[in-house]
Amino acid sequence: MTADIERLDVPLPVLIAEVEATTARKKALFAAGSVAEQRHQCDPADTAFAQLSCTCSAVSTDADYPGFDAWITQQQDLNTAARRTR
């Protein structure tokens with residue numbers, strides 16, 4: 001089988017234009033993501049939320065979640081071991 005050379009041969013100016021368009025799209029996406037992250041970090045409602053009083057009188061204790069401390073320690077050890085083997 002022979003390849004259709006017209007499909008493989010792209011003129012350099014066309015290739016450069018495609019690369020520049022792709023780069024521009026990536027930069028625009030990155031900029032939009034950066035702006036979205038900045039808006040998230042500068043949430044105007046955050047201070048209002050932080051000033052809300054907590055009226056919940058129930059505080060969980062170890063008796064409410066038996067074995068949780070051991071489980072969370074095990075999960076942390078597994079995560080540490082997984083990071084070391086990467």
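**Note on a four-helix model**

1. By the ring-pairing rule, under which rings of Phe, Tyr and Trp (its six-membered ring) pair if their centres lie within 6.5 Å, the count comes to one aromatic pair. The ring centres of Phe-68 and Trp-71 are 5.9 Å apart and their planes stand at 35 degrees, so the pair is tilted, given that planes under 30 degrees apart count as stacked, over 60 as edge-to-face and the rest as tilted.

2. This is a predicted model, in which local features need pLDDT of at least 70 and side-chain atom pairs count only at pLDDT 80 or more, while totals for chains, interfaces and linings use all residues. Residues are numbered from 1 along each chain as its sequence is written, and side-chain values use heavy atoms, with hydrogens and water left out.

3. Both members of the pair belong to helix H4 (residues 68-84), where they are three residues apart, about one turn of the helix. Helices here are DSSP runs (H or I, at least four residues), and strands are runs of E of at least two, numbered from the N terminus; the protein has four helices and zero strands.

4. Phe-68 has a relative accessible area of 42% and is partly exposed, and Trp-71, with 44%, is also partly exposed; the term covers values between buried (under 20%) and exposed (over 50%), with a 1.4 Å probe and protein chains only. Of the 86 residues of the protein, 0% count as buried.

5. Val-14, found in helix H2 (residues 12-41), counts as partly exposed at 38% relative accessibility.
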